[in-house]
Structures are given as C-alpha cells and as structure tokens.
Amino acid sequence: MRSLSLQVLTAFVAGWVLYRVYLRYAQNAALAVVPGPKSKSWLIGDLKAMFATNGWEYHKQLMRNYGAVFKFSGLFKAPHLYVYDPKALSQILSKEQGVYEKTEDFLVMNGLIFGNSLPASHGDEHRKQKKMIGPVFSPAHMREILPTCFKVAYTLRDSIKQQVLRGDSEVDLAAWNSRVALELIGQGAFGYSLDTLLEGAPEHPFTTSIKNLARSATDPLLVLPRMYLLPPLSKIGSPRFRRFLVDIVPWPKLHAIRDMVDVMDSTAKEILGQAQKSLEAGDEVLKARIGSGKDILSILLRTNMLASEEEKLPQGDLLGQIGSITFAGMDTTSNGLSRALHLLSEYPDVQAKLRAELQEARKQSNGDDPEFETLMSLPYLDAVCKETLRLYAPVPFLLRRVCTDMVMPLHTPIQSALDPKQELNEIFVPTGTTIIMSLIGCNRNKDVWGEDAEEWKPERWLEPTKESVVEAKVPGVYSHLMTFLGGGRACVGVKFAQLQMKVVLSTLVENFTFAPGSKEIIWQLNGVIQPTAKDAGITSTGHRQLQLPLKLSYIEAED
C-alpha cells in the first residue's frame, strides 16, 4: 500500500513539474515589459525571501525600487505580479473579481482546515454564504453584544491589575491579547467561553491551535509544497486515504497542523452543538446562554431556520464558519491590539491624549460604560485605531490567480522594463498569473497618502481627507484602507473587529500607563504580522514564542 501511494505521488509531481515549466515560458513573454528584481534562484525564485519571517524588509525594498506594480519570480522563475496600485486593486476586487480568484491552494487549504466556509468558497457558493452571514454582523447586532464585550475586557483588566500590583516589572501583552481576542469571539460571536482570563489558567487547546496555525501554514518549509503540491494531491482518493497519507509522511510540521485542525474541528462541533440545543430548547434556555442568546451564532442559526431551502446553509457550512470566523478574527484583533499598545508605549503624548478623551467620555456617561454610538465615534480613539490598522495591517498581503487573460489598468504609470522611456498605463496579464495583493503597500502608498505615508500619525484622521486619497478610489471597505479588503471579498466581520479593538483598547488605556519594556520587540511575517522578542524561546512547532513585554503602571481611580 505504501509503495503504491509513493508511485501515485511521484506521477503527480512529475506531471505538475512539466506543466509549471510550460507555464513559465508562456507567461514570461507576456510580462516581459513589467519591471522587477532579478530572480534570486532558478528553482524557487524570490519566494523564500518573500515569505520569510523577516521578509518585510525585502518587501519594502522592492516597493521603494519598483513602485506599485512589479514582477518577481516564483518556482522555476515563473513570473508573478506584486500589486498595490489602487486602480489595479479595484479591478481585482470589484470590477473583475470573477477573473481574479483566490489561488487554488488557498481554497483547498481553507477547505481542508475549516470545511466549507467563506474563505474556502467562491462564485455562487460564496455569495450564498455571505448573503446569510453578512447581516448578523450589522451595527444593530454589535450594539447588542457590547455589554458582553465590556464584561470580557474588565476580566482582562482585573487579571493584569493583579500582575502589576504584585510588582511584576513587565507584562507580556501578546499572550493576554491572544486570550482576550479569543474570549471576545467566544462569548460575543458564539455565546461560549473559551478562557477564564485568569492569570495562570491553562491555555485552551483551541487558543493554542488558532494562534499557531497561521505561522505554521506559512512556514517557509511548507509554503512551496502548499502552493504547488497541495491542489493536485487533494484530489487523490478519498478523505480517509488522504488522511492516511498525511499520517504516514514523516514530516513533524505537517503533523503539527493536522493536530491543530483536529482540535479546532472538535471544539467547533461542541460550540455549534450547544448553540443548536439551546435554540431548540426555547427562549428560557436561550436567555440563560452567555450573552442571553444575542451572540452572532444564535442569530445566524435563527436566521438560517427561517430561510428558504435554496438559501439555507447546511450543517457542514455552519460548522465551517466557526473555525474561519475565529481564525480570521482572533489574529487580526490580537495583533492589531498588540501593535496599538506597542505604539502607545513609544508615543506617551498620544497615549495621554487618548486617555484624556476616554476619561472625559466616561465622565459624560456618569461613570458608566459609553454607549455603542459614543464608543465608536470617539474621534481620537478612532484615529488611533485607523492609523494603526493603516500603517500596520495585521494581514499584509493576499494572493490571487488570474483565470482569464486581462488588461490591468494602473492609477500610477510604470516604466517599461524593455524601454525606460516608455510609460505604461495598463499591462496585459495572462491566464494563470499569480498576484500578490499588497494590502499594507496600498495603505502606505505615497501617491495616495502623501510623503508622510510611512509615519504613524493619528492626527491625519482628524483632518479633512486628502484629495489624493479621495481621487485614488481605493476599493477598501474601511476608510480608504485595504486592511479589511473590499468588493465581494470584503471582510464581513469588520464592524466586530472594530468593536473588539476599541473596547479592549479603551479599557486598558483608561486603567494603565504603558512604557517600552527591556526587550527588543521584533515583528515577524507569519501570514499575519506578530510580535516576538529578540531573545524569545522556541515553541514545540519550531517558531519563536510570541511576546510583547511592556512596562505597565496601574492608574488609581479618582474619588
């Protein structure tokens, strides 16, 4: 059996290699006019440098040298495109989104990890799921879960307070931010508690799995097999046979991902099962749930029950949303919070100004928590959040694959690689071309945001929007930013992400002061951008431990 499996695998790999060689020559001719760096390797091109954990410096170097559209090399020097031109992104995400699909490996990987969910679907299936799921993240529903979110944030505040008053010189906020982000999703989205948020409490296996999944799946040793081998291998045999192959391959990194997926699947089944039982038991039982049945999952299940048979989501689709919502929400929220707190520790004047605004808002509310509309519209809190998510988008880039030959228009012309005197206002992109959409590149584009685009300046959001920003027509769903994408693929949970970030940030800044710690903080490119320290230890999966040690002082409440 093992010999036959290896023969089948060898045949697929050989066929795939021949196809990739052919594709390389076909695409090279079409993209010859697009400038870009010389390939670093005939075998893997620039992929190792692009996806390295310290690869952000390489990204910045290429953006400075070549602008908003350039070519780089993939496997066997196959030409890929790197794009952050706003007009090109508008075509990719809005005007011709059916032509620029998620890459096959992305769809397959998400399907294997989460099941049939929004990240793993496309076309009519994606539109069906989004039509059902999108409305449950409305501002009206966010208003209902605000008390639950503040309750979670206060538990976090009390646990950190104990650490600070005990005399701990530094507090690792990366760990706390991961835990609170998961618990906000657990209680607010699913009516389910995943973490007590008590100091010293054991980490829920679901937390560990979600936290490690992104950097495990984007490990440099796994990126190439995932991108180029996973799609054909996923078509071999039955799911049981494919699981057998995963089990027998002597690859610890692959087995680590397998174990993470198993934990996530069993936890998702438990969460969905409890929610459905509560719904079936009636209003009294539903009201006894965390959040009194106002959580996002309970609303989704009620909506799904009332839907027509054509629009109703089957059990497998509902199950898939739990893992995908948790994965998408936890990493963006926790790392967005970590970045904001790190920046506030380095800019004490901004920190003080933000704290003053929060204290005044509480005073205006007679000491109570601010209402939803008040919290979401606090100008300086909003400015700090927007500027952090602009300059440091937690997910820096995503991939797309061109399904049909297309002419891509450009907002800013580029110089032809064949004739430097010739400017190109559009480029021909052949079928099969892989594109990296640089979300963070668009957010930092000086043609859009001005010469200070790479500076963290919350005050820019208190001024009238620059004409260059308006004219660029960036297709982002959130404040001219690409952080939460745009068009049909825009993040459905953008309002929930904003709410979580503002609730936690307002709670912590109002109760603590933050200053840089003694360790140098390094931000790694792990699919999402995550913090670690220069001397951080190594985890069981072979990665640096996530850390953000900062100095905190507790602010005593005034009488």
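# Notebook: strands, core and two unusual loop residues

I began with Ser292, which is partly exposed, with a relative accessible area of 39%. I placed Ser292 in the loop that joins helix H13 (283-287) to helix H14 (296-306). I then checked its backbone: phi of Ser292 is positive, about 60°, although the residue is not a glycine. I note here that the model is predicted.

I looked up His480 next. His480 also has a positive phi, near 60°, in a residue other than glycine. I found His480 in the loop between strand E9 (476-478) and strand E10 (481-486). I recorded a relative accessibility of 31% for His480, so this residue counts as partly exposed.

**Entry: the five-stranded sheet**

I traced an open sheet of five strands in the order E1-E2-E8-E5-E3, and I noted that its pairing is mixed. Strand E1 (69-73) and strand E3 (100-102) stand at the edges; each has a single partner strand, so one side of each is left without a neighbour in the sheet. I read an average turn of 35° between neighbouring strands of this sheet, with direction ignored.

I then followed the pairing of E1 with strand E2 (residues 79-83), which is antiparallel and runs over five bridges. Within E2, I found Pro79 opposite Ser73. I also looked for a helix packed on this sheet. Helix H4 (residues 86-95) lies across E2, E3, strand E5 (397-402) and strand E8 (434-438), and runs at about 115° to E8.

**Entry: the three-stranded sheet**

I traced a second open sheet, of three strands, in the order E4-E14-E11 with antiparallel pairing. The edges are strand E4 (171-172) and strand E11 (512-516); each has a single partner strand, so one side of each lacks a neighbour in the sheet. I recorded five bridges in the antiparallel pairing of E11 with strand E14 (residues 549-554). In E14, Ser553 stands opposite Thr513.

I found that helix H22 (residues 494-511) lies across E11 and E14, at about 90° to E11. Helix H7 lies across E4, E11 and E14, and I noted its direction as about 90° to E14.

**Entry: the nonpolar core**

I turned to the largest nonpolar core, which has 159 residues; Met408, Ile427, Leu499 and Leu505 touch the most other members. I noted that helix H7 (residues 139-166) gives the largest share of this core, 11 residues. As background, nonpolar side chains in soluble globular proteins tend to be buried together.

I listed the contacts of Leu505, leaving out residues up to four places away in sequence: Leu337, Ala340, Leu341, Leu344, Leu381, Val384 and Cys385.

**Entry: the hairpin of E12 and E13**

I examined strand E12 (residues 521-526), which is mostly covered, with five of its six residues buried. E12 pairs with strand E13 (residues 528-533) in the antiparallel sense, over six bridges. I found that Asn526 has Val528 of E13 as its bridge partner. One residue lies between the strands of this hairpin, and Gly527 takes a positive phi near 85° there.

I then looked up Gln524, which lies in E12. Gln524 has a relative accessible area of 10%, so I entered this residue as buried. Not counting residues up to four places away in sequence, Gln524 touches Thr53, Ile529, Gln530, Thr532 and Arg544. I also recorded a separation of 8.1 Å between the C-alpha atoms of Gln524 and Gly55, which are 469 residues apart along the chain.

**Entry: Arg339**

I closed with Arg339, whose place is in helix H15 (residues 315-346). Which side chain of opposite charge is nearest to Arg339? I found that it is Glu346, 7.2 Å away. Arg339 is buried yet has no salt bridge. Given the 4 Å cut-off for a salt bridge, I would not count Glu346 at 7.2 Å as a partner.

I listed what Arg339 does contact, leaving aside neighbours within four places in sequence: Thr388, Tyr392, Trp523 and Ile529. I noted Ile529 also among the residues touched by Gln524.

Conventions. Residues numbered from 1 in each chain as written. Predicted model: local features only at pLDDT ≥ 70, side-chain atom pairs only at ≥ 80, totals over all residues. Heavy atoms only, no water. Helix = DSSP H or I, 4+ residues; strand = E, 2+ residues; numbered from the N terminus. Buried < 20%, exposed > 50% of the residue type's maximum accessible area, 1.4 Å probe, protein only. Lys, Arg positive; Asp, Glu negative; His and termini not counted. Contact = heavy atoms within 4.5 Å. Pairing = 2+ DSSP bridges. Axes fitted to C-alpha atoms, helices over the stretch in contact; angles between N-to-C directions. Core = buried A, V, L, I, M, F, W, Y, C linked by side-chain atoms within 4.5 Å.
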